[in-house]
Amino acid sequence: MEIIKTAVAAPNIALVKYWGKREDLLKLPYNDSISITLDDSVIFTKTTVALEKRLKEDVFIFNGKKVNDERIGEWLELARGRVAKHAPEIAGMNMLIVTKNNFPSSAGIASSASGFAALAEAFCACAGIKDAKEKSMIARLGSGSASRSVVGGFVQWVAGRRPDGEDSYAVQLAPKKHWDELVDVIAIISVAKKKVSSKEGMENTAKNSPLFACRLKEVNERLGRVQKAILKKDFESLAIEMMRDSNSMHATALHSWPPVFYMNDVSRKIVEETLKLNGKGIVAGYTFDAGPNAHIICEKKNLQKVKNMLLKVKGVKKMVCAGLGNGSRIIETDMAEFSKYAKKYFSESESPKSALR
Ligand code: PMV
C-alpha cells in the first residue's frame, strides 16, 4: 500500500501575538491570537508525505537534504496518536517527508507555521481527514502558530481552556476577499538562525517577566478591538493595535531574565521610519515576530510609499510583498521530483505507482 499527498502552506503574520504556553507538549497558549495568512504563490512551504510499507523508518528531507529533526519526531508521535482514531492503518506506517521552503528558515518569517501546516495538511489528506478544526489541531502539535496557517484570510486561534486542547484551534474571522487590499511587506534584515528560539523565548517570558500578566490582560482587551477593526476594514485602528501588540510582546520578552530580544538596530530604525511615515495619517503598521525582520502591513494603495520608506533604511537586504492567502491546500505531486527520493529510500527500487489519489 502506498499513499502520496502533497500540500502547500504559507506563513501567517500575527497581528495579536501568541507568546506563552499554558501547556508545553500540546502547545496550548495562554491567549487567543489573530493573524493574516499570506499568499502561497509568493511565500510557501511545499511538503510531500509518502506512506509506504517498504520504508524501514521515517525519513525527513528538508530543502534536498536528509535531516534528523527532533521536532518532527515529536510531532509524528503526537499526530499519529490523533490520526490513529480515524485511520489506524495510516498511523502505523512509516513516512517519507520531502519538504522545501522558498524563503529563509528561522529568521522571523514563520517557517515553522507554514512547515507544520503543510505537513499536517498532507498527512491529514493521507488519512482522509477533511475537518478544518482537526487539521488545525494537528498542525498546532508541531508549532502553535501553524494552527493558523491551515485557515485562510483573517484568522483567530482560540486558546481554549481544556487541558486536553480539544477546544484550541484556529477559526476564520473573515475570508481573504473581505479585505484583499491588505499586503505584508517583509523587510529581510537577517537570515541568520535566531539565537533564542520562540519556544525558549516564550517559556522564559511566561516564567520570568513581571510584565507577562499585564500583557495577558492587555491582549484580552485588544482581541475585540482587532476583530472590530477587521470587520469594519478600519485600517487606522488595526495598524495601531498591531504595532502596540508587537511592542508589548517584545517589551515583555525584554523584561524577562535573562532578557530576550529579537529586534536589532535596523528593526528599531524601521519602527522610527514607519512612525514618521504615519505622521500625516496612518498608512502602515509594523509588527515583528521572534526575529529582527520587519513585517509592514499596509493597503495596496500605499505599497509604494512603504517600499520607498524601506529602501531608505540601511540594512534592509530584501523585500518580499505578500497579500492574503486562502490557507493550506493539497496540490498534485510532482512525481519527477519525488521519485528520486522514493528510489533512494524505499528499499525496492521501483517508484510508487498509485500516487496522486
Ligand atoms: O509557533 P511558534 O512556536 O513558532 O511561535 C510563534 C510566535 C510568534 O511568531 C512570535 C507570534 C505568533 O503568534 O505567530
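**View A. Ile 34 of β5 stands opposite Gln 156 in β10.** The model shown here and in every other view is predicted. Strand β5 covers residues 33-37, and strand β10 covers residues 154-158. The two strands run antiparallel and are joined by four bridges. Next to Ile 34 in sequence, Ser 35 has Val 155 as its bridge partner in β10.

**View B. Strand β5 is mostly covered.** Five of its five residues are buried. Ser 33, Ser 35 and Thr 37 point one way from the strand. Ile 34 and Ile 36 point the other way. Residues of both sets are buried.

**View C. Strand β2 pairs with β5 in the antiparallel sense.** Strand β2 spans residues 12-16. Four bridges link β2 and β5. Ile 13 has Ile 36 as its bridge partner in β5. Ile 36 is one of the buried residues of β5.

**View D. Four strands make an open sheet in the order β2-β5-β10-β11.** The pairing is antiparallel. Strands β2 and β11 (169-174) stand at the edges. Each has a single partner strand, so one side of each is left without a neighbour in the sheet. With direction ignored, neighbouring strands of this sheet are turned by 35° against each other on average.

**View E. A further open sheet of four strands has the order β13-β14-β12-β15.** Here, too, the pairing is antiparallel. The edges are β13 (284-287) and β15 (318-322). Each of these edge strands has a single partner strand, so one side of each lacks a neighbour in the sheet. The twist averages 25° from one strand to the next.

**View F. Strands β13 and β14 run antiparallel, joined by four bridges.** Strand β14 comprises residues 294-299. Ala 284 has Cys 298 as its bridge partner in β14. Helix α9 (residues 265-277) packs on the sheet. Helix α9 touches β12 (182-188), β13 and β14. The direction of α9 makes about 160° with that of β13. Helix α10 (residues 303-311) also packs on the sheet. Helix α10 touches β12, β13, β14 and β15. The direction of α10 makes about 150° with that of β14.

**View G. Helices α1 and α3 pack at an angle of about 35°.** Helix α1 takes in residues 70-86, and helix α3 residues 111-127. Their axes are 12 Å apart. The crossing is right-handed. On the α1 side, the contact is made by Arg 71, Ile 72, Trp 75, Ala 79, Arg 80 and Val 83. On the α3 side, Ser 112, Phe 116, Leu 119, Ala 120, Phe 123 and Ala 127 take part. By class, the contact has nine nonpolar, one polar and two charged residues.

**View H. Ser 246 lies in helix α8.** Helix α8 spans residues 235-254. Is Ser 246 buried or exposed? Ser 246 is buried, because its relative accessible area of 1% falls under the 20% cut-off. Leaving aside neighbours within four places in sequence, Ser 246 is in contact with Lys 17, Tyr 286, Thr 287 and Phe 288. Tyr 286 and Thr 287 belong to edge strand β13 (284-287).

**View I. Asn 247 is found in helix α8 as well.** Asn 247 is partly exposed, with a relative accessible area of 37%. Its neighbour in sequence, Ser 246, is buried at 1%. The C-alpha atoms of Asn 247 and Lys 199 are separated by 19 Å. These two residues are 48 residues apart along the chain.

**View J. Ile 330 is found in strand β16 (residues 329-331).** Ile 330 counts as partly exposed, at 36% relative accessibility. Not counting residues up to four places away in sequence, Ile 330 touches Thr 6, Ala 7, Glu 121, Ala 122 and Ala 125. Glu 121, Ala 122 and Ala 125 fall within helix α3 (residues 111-127). The C-alpha atoms of Ile 330 and Gly 201 are separated by 33 Å. Along the chain, Ile 330 and Gly 201 are 129 residues apart.

**View K. The mean pLDDT of the protein chain is 93.** Of its residues, 95% reach 70 or more. Over residues 349-357 the pLDDT is below 50. Beyond near neighbours in sequence, this stretch has 20 contacts in the model.

Terms used. Residues numbered from 1 in each chain as written. Predicted model: local features only at pLDDT ≥ 70, side-chain atom pairs only at ≥ 80, totals over all residues. Heavy atoms only, no water. Pairing = 2+ DSSP bridges. Axes fitted to C-alpha atoms, helices over the stretch in contact; angles between N-to-C directions. Contact = heavy atoms within 4.5 Å. pLDDT = per-residue confidence, 0-100. Left-handed = near helix turned anticlockwise from the far one by under 90°. Nonpolar A, V, L, I, M, F, W, Y, C, P; charged D, E, K, R; others polar. Buried < 20%, exposed > 50% of the residue type's maximum accessible area, 1.4 Å probe, protein only.
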